[in-house]
Amino acid sequence: MTQTHPTPMTGGRLTAAQGTALYVGAVLGTGVIALPALAAETAGPASLLAWLLLVVVSAPLAATFAALGSRYPDAGGVSTYARMAFGPRAAAIVGWCFYFAVPPGAAAAALFGAAYVEAAVGGGAVTVAVTAVLLMAAVTVTNHAGVQLAGRVQLALAGVLVAFLLLAVLLSLPHASADNLRPFAPHGWTAVGPAAALLMWSFVGWEAITHLTGEFRRPARDLPRATIAAVVVVGALYLAVAFATVAVLGSAAAGSDAPLGELFAAALGGDARWLAAGAALLLTFGTMNAYYAGAAKLGAALGRDGALPGWFTRGSVAGEVPRRSLAVMATMAFAALAVVLAAGLGLRPLVLVTTASFITVYVIGVAAALRLLPRRGRAWYAAAATIGVVLFLLAMTGVYLLWPVVVTGAALLYLRLRGRTPA
């Protein structure tokens, strides 16, 4: 098929440092405050293999999306690459899967952070609900002011978060015990696969910044630099925190709602709930900030391309703020939070519903890279190396695949009712 290139985007202001911070915030997010415990519950110490698998996979995956973003900087991100490779319907499916995954994901992220605050101050469900609402409101206001402010905020947050996580690991490791690594696979080796699917929540984010590539001052130079730096930082910190959680906390890690707090308690010999709550709020804000920025820009691009109503279009050009798209997304996020609180849903289903959508985006995005990137180049080989793994992770989400299937059906129905093929 004939490839169509996105309209060149100009006026970007993000630097490589701000881009690195947005990457770190998008990927090194709420997963690090809760998922080491959930993964340990699923696979025991063998969950470390799942962490290692995803760290190894993240490097070529990030390189793939960075290569696409550098070559085709556009607010549509993976949706644009799918349109160029497979046509407008594929673009609409990818766009909808990403855009409509952010509201439930935001609800889960806000609740992760709010649980740490409740552990520190008490107050039960009321504290959790109020904290989650305030987090969502703060992120919405930050992004309403524009992506440059979001980038500056993220740059400050990233430095604090990296320092905090390093401190937690270094102070707690002297209390590690080899006995906590035995038995290494108490639930069998097959538990590593489901643990990896669960942990994928911690590694989604490499695609999020593709929607902001046009906002970089020099995408071809700054995006690869930001990607390399973020891969190193995120991979090292995830492995360090996961190992410390298992080696220091042992079997208690599986039942911990606040593993970072437990690590500080083991290191300092006291109550570290306030310190852990502060870190959780920073991590949660950083993740939500990056995803709101990317998804709001994507919504505007989908409106521009006909995959959403044209009303969304304003803000699709680099330098403009997509306030309409942001308002819709923020409203859906508040609605998702209200439903979760009213129904008393656990966090595990929210995590897997969201990751099933993002892994679907990954599969289509990597497939598009195999078609769009220069064959036999380094980026093409990176895409080839990851396609099998993302398909495996997609299968591991099991019944939660129903959510992206439903979203896909809704996207195609919208295009049919609209009565014309999107641009």
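In this predicted model, the axes of helix H7, which spans residues 124-144, and helix H12, which spans residues 273-305, come within 9 Å and cross at roughly 45°. Angles between helices that fall outside the parallel, antiparallel and perpendicular ranges count as oblique, and H7 and H12 are therefore oblique to each other. The handedness of this crossing is right-handed. On the H7 side the contact is built from Thr131, Leu135, Met136, Ala138, Val139, Thr140, Thr142 and Asn143, while H12 contributes Leu281, Thr284, Phe285, Met288, Asn289, Tyr292 and Ala293. Sorted by character, the residues of this contact comprise nine nonpolar and six polar ones, with no charged residue among them.

Valine 117 offers a second view of this region. Its place is in helix H6, residues 102-121, and with a relative accessible area of 12% valine 117 falls under the 20% limit and is therefore buried. Once its neighbours within four places in sequence are left aside, valine 117 is in contact with Gly122, Thr127, Thr131, Ala277 and Leu281. Two of these names have already appeared, since Thr131 of H7 and Leu281 of H12 also take part in the contact between those two helices. Valine 117 is also paired with alanine 280, from which it is separated by 163 residues in sequence but by 8.0 Å in space, C-alpha to C-alpha.

The protein as a whole gives the setting for these details. It holds 16 helices and zero strands, and of its 423 residues 59% count as buried. Among contacts with a separation of 6 or more, 85% are accounted for by residues 24 or more positions apart. The accessible surface comes to about 15,500 Å², and 68% of that surface belongs to carbon and sulfur atoms.

Another helix pair can be set beside the one described at the start. Helix H4, residues 78-86, and helix H5, residues 88-99, pack at an angle of about 160°, with their axes 7 Å apart. Because angles over 145 degrees count as roughly antiparallel, H4 and H5 are described as roughly antiparallel to each other. The crossing of H4 and H5 is right-handed, as is that of H7 and H12. In the contact, Val78, Ser79, Ala82, Arg83 and Phe86 of H4 meet Pro88, Ala90, Ala91, Val94 and Gly95 of H5. These residues divide into seven nonpolar, two polar and one charged.

Further along the chain, threonine 386 lies in helix H15, residues 378-396. With a relative accessible area of 1%, threonine 386 is buried. Not counting residues up to four places away in sequence, threonine 386 touches Val57, Pro60, Leu61 and Val366.

Two features of the backbone remain, and both lie in loops. Most residues other than glycine have a negative phi, and most peptide bonds are trans. Arginine 376, although it is not a glycine, has a positive phi of about 70°, and this residue lies in the loop between helix H14, residues 347-372, and H15. The peptide bond from arginine 182 to proline 183 is cis, with omega near -5°, and proline 183 is found in the loop between helix H8, residues 147-172, and helix H9, residues 192-203.

Technical notes:
Residues numbered from 1 in each chain as written. Predicted model: local features only at pLDDT ≥ 70, side-chain atom pairs only at ≥ 80, totals over all residues. Heavy atoms only, no water. Helix = DSSP H or I, 4+ residues; strand = E, 2+ residues; numbered from the N terminus. Buried < 20%, exposed > 50% of the residue type's maximum accessible area, 1.4 Å probe, protein only. Contact = heavy atoms within 4.5 Å. Areas by Shrake-Rupley, 256 points an atom, 1.4 Å probe, with all protein chains shown as cover. Axes fitted to C-alpha atoms, helices over the stretch in contact; angles between N-to-C directions. Parallel < 35°, antiparallel > 145°, perpendicular 65-115°, else oblique. Left-handed = near helix turned anticlockwise from the far one by under 90°. Nonpolar A, V, L, I, M, F, W, Y, C, P; charged D, E, K, R; others polar.
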